[in-house]
Amino acid sequence: MAIVRVGVLGGTFDPPHLGHLRLAEAARDQLRLDRVIFMPAGDPYRKAARAVTPAAVRLALVRAAAADLPWAEVSDIEVERAGPTYTDETLSVLARDGGEWWFIIGADVLADLPHWRDPQRLVAVARLAVAVRPPAPRLVPREAARAVPGIEDRIDWLDMQPVDVSSTELRRRIAMGESTGSWLPPRVRALIEELGLYRA
Ligand code: ATP
């Protein structure tokens, strides 16, 4: 039996948007993944400077975003854990049952990796799928190379046409009553409206 290939896309997803979906699709297509697991962070300690929407609400938004994607799953593993969660720990737990695992990230996250707890352990458990917008170079930032020796051999680069959107920009737009265009999956947009999220 073929070994199952799984990608994990972690994030705050406050809210999930088209950039996240395109990133997951790029990983799925280019790495021939059997499934992609969207994994909202429970207590995003790297973003502790701002008020983050409660994890249960973000989980519901991510479920709405993934609802129409047959190859997508949503994991509540980090949401259900008390206190800060760490990607190396979570991936170790997920990968325990076997298979080949990728942790999917944008190139911006690669630069942040040295600040994570035990990035060495993370790349030992999962390969990294790193999206770059062509023709940007496929370069490992010096600090990441220093923090995780041999990281180059654990990276699969994804070509991804840029989707110029962030959750921050979408929160700002909703607060200002501006249009969010087609950047929000319809089910996510509907839930945001229903719950009255991000309004000033
Ligand atoms: P925020 O604006 O609140 O910081 P965000 O839009 O960057 O949020 P996150 O939930 O922090 O979203 O991101 C989760 C993952 O998705 C990260 O690996 C990030 O690099 C990636 N990502 C976010 N936005 C995009 C985008 N527009 N295109 C490709 N990847 C993206």
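Strand 4, spanning residues 100–106, has 6 of its 7 residues buried, so the rest of the structure largely encloses it. Bear in mind as you explore that this is a predicted model. Strand 4 pairs with strand 1 and also with strand 5, which makes it a handy place to start reading the fold.

**Strand 4 and its partners**
- Strand 1 (residues 5–11) runs parallel to strand 4, and 5 bridges link the pair.
- Within that pairing, V8 has F103 of strand 4 as its bridge partner.
- Strand 5 (residues 127–132) is likewise paired with strand 4 in the parallel sense, over 5 bridges.
- Here G106 sits opposite A131 of strand 5.
- As a reading aid, side chains in a regular strand alternate between the two faces of the sheet.

**Overall fold**
- The chain contains 9 helices and 6 strands.
- Its radius of gyration is 16 Å, which agrees with the value near 16 Å that a compact globule of 200 residues would have.
- Along the principal axes, the C-alpha atoms fill a box of roughly 45 × 35 × 30 Å.
- Among contacts with a separation of 6 or more, 75% join residues 24 or more positions apart.

**Burial and surface**
- Of the 200 residues, 47% count as buried.
- The exposed area of the chain is about 10,100 Å², with carbon and sulfur atoms supplying 51% of it.

**Charge**
- You will find 26 positive and 27 negative side chains in the chain.
- The centres of these two sets lie 2 Å apart.

Definitions and conventions
Residues numbered from 1 in each chain as written. Predicted model: local features only at pLDDT ≥ 70, side-chain atom pairs only at ≥ 80, totals over all residues. Heavy atoms only, no water. Helix = DSSP H or I, 4+ residues; strand = E, 2+ residues; numbered from the N terminus. Rg over C-alpha atoms; globule rule 2.2 N^0.38 Å. Buried < 20%, exposed > 50% of the residue type's maximum accessible area, 1.4 Å probe, protein only. Contact = heavy atoms within 4.5 Å. Areas by Shrake-Rupley, 256 points an atom, 1.4 Å probe, with all protein chains shown as cover. Lys, Arg positive; Asp, Glu negative; His and termini not counted. Charge placed at Lys NZ, Arg CZ, Asp CG, Glu CD. Pairing = 2+ DSSP bridges.
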